[in-house]
Amino acid sequence: PFGHRVARAARVAIRLALAAAAACSRGPKRTVLTVYSPHGNDLLSYYEKEFEAEHPTVDVQSVDMGSQDIIDRLRSEKANPQADVWFGATEEIFERAAREGLLAPYRPTWAGAVPSDARDPNDLWYGTYLTPEVIGYNSQAVPDSLAPKDWDDVLDPKWKGKVLIRDPIASGSMRAIFGAMILRSIRDTGSPEQGYQWLRRLDAQTKEYTLNPTIQYQKLGRQEGLITLFDMPDLAMLRDRYHIPVKYTIPTSGTPLLVDAIAVVKGSKHPELAHAYYEFVTSRRAVEDAAARFYRIPVRTDIPADSLPPWVRDARAQIKPMSLDRAMLEQHIDEWMQYWDSHIRNSSR
């Protein structure tokens with residue numbers, strides 16, 4: 001586990017060094033605005049170009065890394081913040097960052113269009129997208145009729161050695177799924193042990209914990225694994241944009257419906273530009289673009305349904321949100337993940 005953390009830290013350091021070098025090569029006259037985000041290169045590059053077109057004196061540098069890696073980086077940089085905006089991660093991770101004094105308050109112009117449970121009461125973060133967690137599968141190798149329909153179906157012996165999982169320590173999506181299984185255990189039995197046993201059985205099914213989503217998608221497309229657990233927007237984009245043969249099922253018993261958020265980093269060197277970028281990527285036009293181009297489901301309630309793609313409307317109708325004790329999840333998720341990393345990872349295979 002320690003080696004995994006060192007490797008992740010090294011990868012993030014390399015990305016930051018490359019971003020700094022790129023900023024220098026573009027000339028000294030542009031102000032560098034640094035964005036930490038897990039949203040992936042496609043979405044981030046799109047918004048970089050769009051924002052820079054409207055703000056030609058700004059050079060947006062997006063550093064793409066996992067949600068947990070971001071909060072770890074912000075903690076290590078607290079005395080000398082390097083980022084201006086944090087764009088993307090689950091509300092549970094933003095709540096911890098808020099509690100630790102890593103975020104600066106900002107009330108966006110659209111604040112009234114967000115439900116109270118999708119925002120911080122002190123304006124430290126606001127929800128942007130809703131992210132359902134689902135079960136994905138290679139549609140060339142797995143007929144729809146045989147695909148897992150619910151979480152427990154993934155534990156069927158026929159999927160042994162055929163499951164690909166994004167490294168859960170760094171992934172907000174996977175931490176949410178693992179946390180949901182433990183919360184289900186606590187709800188049903190008063191103890192997390194049944195949830196840990198579920199994760200042990202999943203570990204026995206898992207062929208590989210991939211280092212990043214790109215590797216996960218490539219391996220799923222090449223049938224190096226047939227089943228995965230991940231977020232619905234990414235799987236939908238793989239299918240429709242990149243024509244990777246993947247489909248997904250929305251778990252019948254319920255799915256974690258995550259609120260993805262945005263915040264200004266406390267100590268930002270360019271707070272006014274940070275506010276401008278925040279407003280830009282969460283404007284109505286940007287939200288509609290995110291739905292149409294990048295398969296994101298908006299949190300904002302003031303976006304007309306007919307301006308969103310049909311798949312968003314269908315998803316809203318089909319999703320059954322899993323009941324989650326979010327306060328307990330925020331309080332204990334690190335402890336649960338540390339236990340998984342030390343006692344369950346690769347122990348059952």
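The questions and answers below explain some terms used for this predicted model and how its values bear them out.

This is a predicted model in which local features need pLDDT of at least 70 and side-chain atom pairs count only at pLDDT 80 or more, while totals for chains, interfaces and linings use all residues. Residues are numbered from 1 along each chain as its sequence is written, and side-chain values use heavy atoms, with hydrogens and water left out.

Q: Why is strand β3 called mostly covered?
A: A residue is buried when its relative accessible area is under 20%, exposed when over 50%, and partly exposed in between, with a 1.4 Å probe and protein chains only. In β3 (residues 85-90), a strand being a DSSP run of E with at least two residues, numbered from the N terminus, 6 of the 6 residues are buried, so the strand is described as mostly covered.

Q: How do you know that β3 and β10 pair?
A: Two strands pair if DSSP finds at least two bridges between them. Between β3 and β10 (residues 257-265) there are 4 bridges in the antiparallel sense, and therefore they count as paired. One of the bridge partners in β10 is Ile262, which belongs with Phe87.

Q: What makes β1 and β3 a pair?
A: Strand β1 (residues 31-37) and β3 have 2 bridges in the parallel sense, and because the rule asks for at least two, they pair. Val35 stands opposite Val85 in β3.

Q: What makes the space lined by Trp110, Gly127, Thr128, Thr282, Val287 and Arg300 a cavity?
A: On a 1 Å grid over the protein atoms alone, a cavity is a set of points where a 1.4 Å probe fits but cannot get out, whereas a pocket is an open set with protein on both sides within 12 Å along at least five of seven lines; lining residues have an atom within 4 Å of a point. The count comes to 1 cavity of 30 Å³ or more by this rule, and the largest cavity holds about 30 Å³ of space.

Q: Which residues line the largest pocket closest to its centre?
A: The largest pocket holds about 860 Å³ of space. Of its 41 lining residues, Pro38, Gly40, Pro213, Tyr217 and Asp234 are the closest to the centre.

Q: How do you know that Ile244 touches Tyr217?
A: Contact means heavy atoms within 4.5 Å. Leaving aside residues up to four places away in sequence, Ile244 meets this rule with Tyr217, Gly221, Leu238 and Arg239, so each of them is called a contact.

Note on methods: Grid points are joined across faces, edges and corners, and a volume is the space filled by probe spheres set on the points.
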